[in-house]
Amino acid sequence: MADMRPMHSTDGPADETVDRTALDEAVRFTSDLIRIDTTNRGGGDCRERPAAEYVAERLAAAGLEPVLSERTPGRTNVVARVEGGDPSAEALLVHGHLDVVPAEAADWSVHPFSGEIRDGVVWGRGAVDMKNTDAMVLAVVRAWARAGVKPRRDIVLAFTADEEDSAIDGSGFLADHHPHLFDGCTEGIGESGAFTLHAGRGRPLYPIAAGERGTAWLKLTAHGTAGHGSKPNRANAVTRLAAAVARIGAHEWPVRLTDTVTACLTELASLQGLSVNPRARDTDLDALLDKLGPAAGLVEATLRNSANPTMFEAGYKLNVIPGHATAYVDGRVLPGGEAEFIATLDELTGPDVRWEFHHREVALEAPVTGRTYGILRESVEHFDPEGRAVPFCMAGGTDAKQFSRLGITGYGFSPLKLPPGYDYWSLFHGVDERVPVDALHFGVRVLDRALRTL
Ligand SMILES: [Zn+2]
């Protein structure tokens, strides 16, 4: 479809198809969606349907045909397809979740579900995670409809339930029971990435997520001989389990540099004027991290696998040795790191303690060379020429894990330009979650440019 606006000199698409209306809608939709309380307390205690209906109405008004689907009544997902201009191109998935984590109103400066806009800032639960992105994507596709613009590829929009718990009512349900809605999708764009990270020295960074560690939540069980607490006992389940848990907690996991983390380290070093091959034998990684300053935080959690003991259950009376004891461990596994993780756990638990996966999700890694990553990077740097996009691997996970079952490679890309002093990480699930109106305007422009071109 013809776009009559002037072309940018780098022969990319026109600078903007977004109009004033799109910018205003991104702000209003963010505020409106925050006011629709979709708190996910876990265990099925959440109701996304009113937010899903809000989104679906706005998609339908733009000429799209949203499909609403539920595994559980009230836990609604919305999927719609935007037709692309190149029928031979593979489709692109753009996904955002509609649920939010709980917020204690007493702790907040404004009510967390007020969606209040004060001094150029939108306040409330979901302002960064991630009703802002849902709103920006909505605003962009509605602007395309007004301007008669088609993206290059078909774009499948998915607004999901239940990301903040198990995804069983959300992306997991969609991937398993409605895979046809994602026909042709090979790549996906989701949350956590492309926000400004003021890392101290030099240019602001825009970390683009190109990987996720896997989830390995473990249940440990020790069996032993039950008996009186006053008697000798060489098969005490509590002692056995405590020893295994202590070994796991104290274990120093070796550094394993994945492609994403290597690329991140290389780029961060080059921004400091250092030419470093992080994988070279003579590279002193600790010294390198020191030189990177606060930017080192982008890789510190993803240099290695991890396993943190979090729960311990044993016994029922002080003078009775129980026959078994149970503990839980939050394990996170690098892309390519699962075999080593399993072998290490076998060794650390030893012969007296059994372990199993209580919950298990794959690790992901997407290419950081090539066309797609290049366009994501260019789109951000185009609108913030001072900024520098860098790839990173997320320490935890998103809906991208579920969609990976459909062969979809995922990037985290929810662009926001944030002023210095604005700590994005601490607002994620934090108190006084909020987003500047200007940041949303920036995000709409970047998403428009990226999604049309991809
Ligand atoms: Zn999120």
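## Helix 1 against helix 12

In this predicted model, helix 1 and helix 12 lie oblique to each other, since their axes, which come within 9 Å, cross at roughly 125°. Helix 1 spans residues 20–35 and helix 12 spans residues 437–453, and the crossing between helix 1 and helix 12 is right-handed.

On the side of helix 1, the residues that meet helix 12 are Arg20, Ala22, Leu23, Ala26, Val27 and Thr30, while helix 12 contributes Val437, Leu440, His441, Val444 and Arg445. Sorted by class, the residues of this contact of helix 1 with helix 12 comprise seven nonpolar, two polar and two charged.

## Helix 3 against helix 12

Helix 12 also packs with helix 3, and the axes of helix 3 and helix 12 come within 9 Å and cross at roughly 55°. That angle makes helix 3 oblique to helix 12, and helix 3 passes helix 12 in a right-handed crossing.

From helix 3, the contact involves Asn132, Met136, Val137, Val140 and Trp144, which are set against Leu440, Gly443, Val444, Leu447, Asp448, Leu451 and Arg452 of helix 12. The contact of helix 3 with helix 12 has eight nonpolar, two polar and two charged residues. Leu440 and Val444 of helix 12 appear both in the contact with helix 1 and in the contact with helix 3.

## Helix 6 against helix 7

Helix 6, formed by residues 259–271, packs with helix 7, formed by residues 285–292, at an angle of about 55° and with the axes 10 Å apart. Helix 6 and helix 7 are therefore oblique to each other, and helix 6 passes helix 7 in a left-handed crossing.

Leu265, Leu268 and Ala269 of helix 6 make this contact together with Leu285, Leu288, Leu289 and Leu292 of helix 7. The residues of the contact of helix 6 with helix 7 divide into seven nonpolar, with no polar and no charged residues.

## The zinc site

The zinc ion is coordinated by NE2 of His97, by an OD atom of Asp129 and by two OE donors of Glu191, at 1.8 to 2.7 Å. The angles among the four donor atoms run from 53 to 153°, and the site of the zinc ion is irregular. Along the chain, the donors of the zinc ion follow the spacing H-x31-D-x61-E.

His97 belongs to strand 3 (residues 91–97), whereas Asp129 sits in the loop between strand 5 (121–123) and helix 3 (131–147), so the pair ties together parts that are 32 residues apart in sequence.

## Backbone features around strand 5

Asp129, one of the residues that coordinate the zinc ion, is joined to Met130 by a cis peptide bond, for which omega is about -15°. Met130 lies in the loop between strand 5 and helix 3, the loop that also holds Asp129.

A further backbone feature occurs at Asp119, which is found in the loop between strand 4 (117–118) and strand 5. Phi of Asp119 is near 50°, a positive value in a residue other than glycine.

Technical notes. Residues numbered from 1 in each chain as written. Predicted model: local features only at pLDDT ≥ 70, side-chain atom pairs only at ≥ 80, totals over all residues. Heavy atoms only, no water. Axes fitted to C-alpha atoms, helices over the stretch in contact; angles between N-to-C directions. Helix = DSSP H or I, 4+ residues; strand = E, 2+ residues; numbered from the N terminus. Parallel < 35°, antiparallel > 145°, perpendicular 65-115°, else oblique. Left-handed = near helix turned anticlockwise from the far one by under 90°. Contact = heavy atoms within 4.5 Å. Nonpolar A, V, L, I, M, F, W, Y, C, P; charged D, E, K, R; others polar. Donors = N, O, S within 2.8 Å, 3.2 Å for Na, K, Ca; no water. Tetrahedral: all angles 85-135°; square planar, octahedral: opposite > 155°, others 65-115°.
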